[in-house]
Amino acid sequence: MLNLFRIIISLTIFWTMLSAPQAALLAAQGALGSWWRNVVPALLPFFILTEFLSRSGFIRALSVWLEPIMQPLFRLPGAAALGIILGFFAGSPTGGAIAAQLRAQRLISRNEGERLVAFCNNAGPLYIMITVTAALNQPALGVWLALAHYPLNLLWGFLLRFWAEKKTAPITSRRSAGKLLLAGWQAAFSRQATVQPLSQMLKESSLKALTNIGMIGAFMLIFSLLLLTLQQTGLLGLLQLALRPLCQCFGLPEDILPALSSGFFEMTLGIDRLAAGSAPLQAKLIGAAVILSWSGLSIHTQIAGVLNETDLTLKYYLPCRLLHSLAAPALLLAGLKLGLISLNSSTLPQFFNIPSPWQALSFWLLGSLLALLALLACSFLVVLTSRRR
């Protein structure tokens, strides 16, 4: 039955391409153009970096060094810290790809991997601060969206610790700082670690990263055509009717429904539709929060795709996306009503006015490195403190 449904969807999209070739061409150009302008520069460097780190043994060292802090916070092994950091700084589906790598290397259990996937796949800061800000032409929106987006995802990760499997206390927490440092070094350069020439590591990391980034572009293309098909058949109107209670819940005008319905399938298309609308600035902020929190079926399918070769599922991921798509706009709406949020760009520090996407990319890459160093420092501080007791 499921296979029949897939065939019907494929044939319907194919018929739309034949019956409305010009509209299909414009949809494809829009999806691939957005992929080239926004996704490739934002994600490709992170994909190459994570692949290279995975093959160099650095992740194995992290799994030991960050164990003392990751276990109390999230009930996750230290290696999961790389998925959290790059998942927050690079955006979806980086966190899912790292979780799949860790699971393939047996560095995390199935339960740990599913919980990691649930909260480490976000809209990237570069996407929010540059793409969303440029589309909505209001820097203040990007700042408030980021402040509502990331703390909530960390909260889901902390709450999911109560669904963790019961394990004994990790051995690394009983080591001294020196022994912990040595254990991480040995894990990175043990005999079990595969040693490859630098040129081969770069080649394989680049090929894997290009495969992942190409998959994202393909998903964006397919979902843009699917969205066009739903528009041509009138089925998109049914989804808008289903989303109307959501608009009523947050006091949004009904002319924002086309953006929400587009964002239900593809996040970037929804943001573009939201920017093109005439809704008030406050409504655009709440609508953007819903779209970014849900992420879109395109992102969900991409994450499912990178997890396909493992036994990881979206068991916790989808409930967290649903909860986030309600909590983030509610948090922003409360801030607006209480006067805690200002949409005036002149009230923001100059620090938030990033001049170019490439400088923003460098900024967030440096930020992820500093965050990793801070986590390492905190981890060793926890060990030193526990040893003195």
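The exercises below, each with a worked solution, concern a predicted model.

**Exercise 1.** Decide whether Trp 65 is buried or exposed, and find which residues it touches beyond its sequence neighbours.

*Solution.* Begin with the placement: Trp 65 belongs to helix H3, which covers residues 58-65. Next, take its relative accessibility, which is 13%; because buried means under 20%, Trp 65 counts as buried. Then look for its partners, leaving out residues up to four places away in sequence: Trp 65 touches Leu 180, Leu 181, Gly 184, Trp 185, Leu 376, Ser 379 and Phe 380. Finally, compare Trp 65 with Ala 79, which is 14 residues apart from it in sequence, while the two C-alpha atoms are 8.5 Å apart in space.

**Exercise 2.** Work out where the buried residues of helix H14 lie around its axis, and what caps its N-terminal end.

*Solution.* First list the buried residues of H14 (residues 267-276), which are Met 267, Thr 268, Gly 270, Ile 271 and Leu 274. Viewed down the axis of H14, these buried residues fall within an arc of 160°, so they line one face of the helix. As for the N-terminal end, Glu 266 caps it, with a side-chain oxygen 2.9 Å from the backbone nitrogen of Thr 268.

**Exercise 3.** Identify which residues touch the most other members of the largest nonpolar core, and which helix gives the most to it.

*Solution.* The core has 114 residues, and those touching the most other members are Met 70, Leu 116, Leu 145, Ile 213, Leu 292 and Leu 332. Helix H11 (residues 198-233) gives the most to this core, with eleven residues. To follow one of the listed residues further, set aside neighbours within four places in sequence: Leu 116 is then in contact with Leu 76, Ala 80, Ile 84, Ala 99 and Leu 102.

Note on methods
Residues numbered from 1 in each chain as written. Predicted model: local features only at pLDDT ≥ 70, side-chain atom pairs only at ≥ 80, totals over all residues. Heavy atoms only, no water. Helix = DSSP H or I, 4+ residues; strand = E, 2+ residues; numbered from the N terminus. Buried < 20%, exposed > 50% of the residue type's maximum accessible area, 1.4 Å probe, protein only. Contact = heavy atoms within 4.5 Å. Arc of directions from axis to C-beta. Polar contact = N/O pair within 3.5 Å; in protein donor to acceptor, adjacent residues only side chain to side chain. Core = buried A, V, L, I, M, F, W, Y, C linked by side-chain atoms within 4.5 Å.
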